[in-house]
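Morning, everyone. Please have the sequence and the 3D view open while I talk.

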Amino acid sequence: KQKELQEKRQRPKDLKQKELQEKRQRLRDLQQKRQLLKHPRRRKGEVSLDFLIATHNMKKREELHRILKPLSIDVYLDFEKGIKLREVEETGETFRENALLKARAGCEDSGMPCIADDSGLCVEALDGRPGVYSARYHGEETPYSEKMQYMLEELKDVPKEKRTAYFVSVAACVFPDGREFTVEAGRPDTITEEKLRVIKEL
């Protein structure tokens, strides 16, 4: 009887000890999850995907790397993989078509999933111009300051409140198995000299 009594007394202690251990383990798990969210890293056995980005713009690469890293996707420029992507002529009539042209070519040249983008300024008073031809507006070699003056000259007879426009950006991703995805975003605004300077930096 004395032994049974000791066991009964011991059970609550064992139970409390077990609950305490489980509580500590949950706390450790929670701390680990928080750490992973702050500094995502691959877990043991986790597969990482390598994506190519069809650009020579290091800022775009760094931004895309920051966005995709938590998804275990690493982004590379062509030279980082020892690849030389062909120059793609942007013959599309829409931003989406041009983004897909570049992503498809990059995927074909590398055998890797490839991301590409196309963007530009669409001014309603100019019937949507320069649109997909933003980079070629008054010539690719024309300095941006001159392009800005050309646009302001075209809009000189348009009241400021009617100088509505939107900056459009489309990203496309093409996979070697044929899957294709695109996403588009637009930012409405009005055209002023100050705003054109801002767009130059985007």
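I will go through strands, a helix, aromatic rings and then charged pairs.

One thing before we start: this is a predicted model.

Let's begin with strand β1. It covers residues 49-53. Which strands pair with β1? One is β2, residues 73-76, joined to β1 by 4 bridges. These two strands run parallel. If you want a spot to click on, take L52, which stands opposite Y76 in β2. How does the chain get from β1 to β2? It passes through helix α2, residues 58-68. That β-α-β crossover is right-handed.

β1 also pairs with β3, residues 114-123. Here there are 2 bridges, and again the strands are parallel. Look for I53: its bridge partner in β3 is I115.

Stay in β3 for a moment. C122 is found in this strand. Is C122 buried or exposed? Its relative accessible area is 7%, so C122 is buried. Now find S134, 12 residues away from C122 along the chain. The C-alpha atoms of C122 and S134 are separated by 8.3 Å.

Next, a helix. α4 runs over residues 144-154. Which of its residues are buried? They are K147, M148, M151 and L152. The four cover an arc of only 135 degrees around the axis, which puts them on the same side of α4.

Now the rings. The structure holds 2 aromatic pairs. In one of them, F51 meets F175 edge-to-face. Their centres are 5.6 Å apart, with 90 degrees between the planes. Where do these two residues sit? F51 is in strand β1, and F175 is in the loop between β4 (164-174) and β5 (180-190). They are 124 residues apart, and the pair links distant parts of the chain. Both F51 and F175 are buried.

F175 also pairs with F181. That contact is edge-to-face too, at 6.0 Å centre to centre and 85 degrees between the planes. Put the pairs together, and F51, F175 and F181 form a cluster. How exposed are the two residues of this second pair? F175 has a relative accessible area of 15%, so it counts as buried. F181 has 45%, so it counts as partly exposed.

Charges sit over rings here as well. R179 lies over the face of F175, 4.3 Å from the ring centre. Remember Y76, opposite L52? K81 lies over the face of that Y76 ring, at 4.4 Å from its centre.

R179 takes us to the salt bridges. Side chains of opposite charge can pair when their charged atoms come close. How many salt bridges does the structure hold? There are 13.

One of them joins R179 to D177, at 2.9 Å from N to O. D177 has a relative accessible area of 53%, so D177 is exposed. R179 is at 42%, so R179 is partly exposed. So R179 has a salt bridge with D177 and a place over the F175 ring.

Now move to K102. What does K102 pair with? One partner is E90, with the closest N and O atoms 3.2 Å apart. E90 lies in the loop between β2 and α3 (95-110), and K102 lies in helix α3, so the pair ties together parts that are 12 residues apart in sequence. E90 is at 25% relative accessibility, so it counts as partly exposed. K102 is at 14%, so it counts as buried.

Another partner of K102 is D118, at 3.8 Å from N to O. This pair links strand β3, which holds D118, to helix α3, which holds K102, across 16 residues. Both D118 and K102 are buried.

One more stop. R86, E108 and D109 are linked in a network of salt bridges.

To recap, keep three places in view. β1 is joined to β2 by 4 bridges and to β3 by 2 bridges. F51, F175 and F181 are linked by ring pairs into a cluster. And K102 has salt bridges with E90 and D118. Thanks, that's my tour.

Notes: Residues are numbered from 1 along each chain as its sequence is written. This is a predicted model: local features need pLDDT of at least 70, side-chain atom pairs count only at pLDDT 80 or more; totals for chains, interfaces and linings use all residues. Side-chain values use heavy atoms; hydrogens and water are left out. Rings of Phe, Tyr and Trp (its six-membered ring) pair if their centres lie within 6.5 Å; planes under 30 degrees apart count as stacked, over 60 as edge-to-face and the rest as tilted. Buried means under 20% relative accessible area, exposed over 50%, partly exposed in between (1.4 Å probe, protein chains only). A charge sits over a ring if NZ of Lys or CZ of Arg is within 6 Å of the ring centre and within 35 degrees of the ring normal. The arc is that of the directions from the helix axis to the C-beta atoms. Two strands pair if DSSP finds at least two bridges between them. A crossover is right-handed if, with the strands pointing away from the viewer, the path from the first strand over the helix to the second runs clockwise. A salt bridge is a side-chain nitrogen of Lys or Arg within 4 Å of a carboxyl oxygen of Asp or Glu.
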